[in-house]
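Reader: Hello! I have a chain open on my screen and would love a close look at a single strand in it, together with whatever surrounds that strand. Could you walk me through it in one go?

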Amino acid sequence: MNTFKRYKWTWILLAICLVAAAYLVANALGLGKDKFPIVREVSAYSMENVDGTTVTSEDTQGSVKLMYFYFTSCPDVCPITTLVLSQIQEELKKEGLFGNEVKFVSISFDPETDTKEKIKEFGDRFFADYSGWYFLRGDQEETRKLMQESFKIPLLGNDSTNFTHGNSIALVDRDNNIRKMYNAADPKEVEIKDVVNDIKILVKE
């Protein structure tokens with residue numbers, strides 16, 4: 001009896017274990033499946049950051065991102081959603097991911113009203129870490145075009161007292177492709193641990 005026949009069931013069991021282990025590793029890394037298909041590419045942009053520097057879409061390339069459109073005079077959803085982002089920021093810091101592997105980009109769609117000073121005050125209220133969280137303002141028309149065409153977020157109104165807007169957070173990969181849109185108006189869609197897990201999957205891609 002040759003060696004293979006003698007240990008046939010041992011080899012079969014070993015092979016099954018190896019296949020199972022490979023599957024678990026691939027699943028943990030988010031490999032072997034397309035959990036987050038590409039929705040669309042984010043159009044190029046160039047805007048002023050809260051510190052006065054210019055930030056472009058190329059500057060954030062190479063990092064996974066959460067992107068959010070807001071205005072500082074928002075009476076309801078924008079502050080609440082920014083608080084959620086702040087909580088996600090803290091969880092990512094614990095993981096050692098915030099600021100290098102992961103960045104946040106909050107863009108005002110009311111830049112004529114939202115001065116750098118107002119934006120800084122708004123960010124400070126939510127303990128934003130500006131080393132990895134950009135608060136941007138740019139040309140109003142171009143900003144709204146980016147918001148509505150790249151992110152498909154609706155916006156109605158022309159002044160800061162009368163805006164009706166969609167409230168979504170975009171998960172964007174290293175190549176500036178939108179991979180997932182969270183409806184921030186639904187608390188179940190922006191569970192902190194779930195969003196962090198989604199980010200970690202993209203980081204490992």
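The part I mean is strand S5: which of its residues are buried on one side, and which on the other?

Author: Happy to. On one side of S5 sit Val 102, Phe 104, Ser 106 and Ser 108, and on the other side Lys 103, Val 105 and Ile 107; all of them are buried, so both faces of the strand are covered. Please keep in mind that this is a predicted model. The two lists take every second residue in turn, and there is a general reason behind such a pattern: in a regular strand the side chains alternate between the two faces of the sheet.

Put as a count, seven of the seven residues of S5, which runs over residues 102-108, are buried, so the strand is largely enclosed by the rest of the structure. The cut-off behind that word is under 20% relative accessible area. For the chain as a whole, buried residues make up 43% of the 205 residues.

Now for the neighbours. S5 belongs to an open sheet of eight strands with mixed pairing, in the order S1-S10-S9-S4-S5-S6-S2-S3. The edge places go to S1 (40-41) and S3 (54-56), each with a single partner strand, so one side of each is left without a neighbour in the sheet. In that order, S5 stands between S4 and S6.

Let us take the S4 side. Strand S4 covers residues 64-70, and it pairs with S5 in the parallel sense over seven bridges. If you want a spot to click on, Tyr 70 stands opposite Ser 108 in S5.

On the S6 side, the order carries on to S2 and then S3. S2 and S6 run antiparallel, with two bridges joining them. Here Asn 49 stands opposite Leu 136 in S6.

These strands also share a charged pair. Arg 137 and Glu 48 meet through their side chains in a salt bridge, at 3.0 Å from N to O. Arg 137 lies in S6 (residues 133-137) and Glu 48 in S2 (residues 46-49), so the pair links distant parts of the chain, 89 residues apart. In general, side chains of opposite charge can pair when their charged atoms come close. Neither partner is classed as buried here: Arg 137 is partly exposed at 21% relative accessibility, and Glu 48 is partly exposed at 23%.

Going back across the sheet, past S4, you reach S9 and S10. The loop between S9 (168-172) and S10 (177-183) holds Asp 173. Asp 173 is buried, with a relative accessible area of 6%. Its side chain meets that of Arg 179 in a salt bridge, at 3.0 Å from N to O, and Arg 179 counts as buried too, at 8% relative accessibility. Leaving aside neighbours within four places in sequence, Asp 173 is in contact with Ser 63, Val 64, Lys 65, Arg 179 and Leu 202.

One of those contacts, Leu 202, takes us to helix H6, where Leu 202 is among the buried residues. H6 spans residues 192-203, twelve residues in total, and reaches 16 Å from its first C-alpha to its last, close to the 16 Å expected at 1.5 Å a residue. The buried residues of H6 also include Val 195, Val 196, Ile 199 and Asp 198. Asp 198 is linked with Lys 35 and Lys 180 in a network of salt bridges.

For contrast, here is a charged pair within a single helix. In helix H3 (residues 77-94), Lys 94 and Glu 91 are three residues apart, about one turn of the helix. They form a salt bridge, with the closest N and O atoms 3.1 Å apart. Lys 94 is exposed at 65% relative accessible area, while Glu 91 is partly exposed at 30%.

Finally, some context for the whole chain. It has six helices and ten strands, and the structure holds twelve salt bridges but zero disulfides. Two cysteines to look at are Cys 74, buried at 7% relative accessible area, and Cys 78, buried at 0%. Among contacts between residues at least 6 apart in sequence, 70% join residues at least 24 apart. The accessible surface comes to about 11200 Å², and 54% of it belongs to carbon and sulfur atoms.

Key: Residues are numbered from 1 along each chain as its sequence is written. This is a predicted model: local features need pLDDT of at least 70, side-chain atom pairs count only at pLDDT 80 or more; totals for chains, interfaces and linings use all residues. Side-chain values use heavy atoms; hydrogens and water are left out. Helices (H or I, at least four residues) and strands (E, at least two) are DSSP runs, numbered from the N terminus. The expected span of a helix is 1.5 Å times one less than its number of residues. Buried means under 20% relative accessible area, exposed over 50%, partly exposed in between (1.4 Å probe, protein chains only). Contact means heavy atoms within 4.5 Å. Accessible areas come from the Shrake-Rupley method with a 1.4 Å probe; for residues, only the protein chains shown count as cover. A disulfide is a pair of cysteine sulfur atoms within 2.5 Å. A salt bridge is a side-chain nitrogen of Lys or Arg within 4 Å of a carboxyl oxygen of Asp or Glu. Two strands pair if DSSP finds at least two bridges between them.
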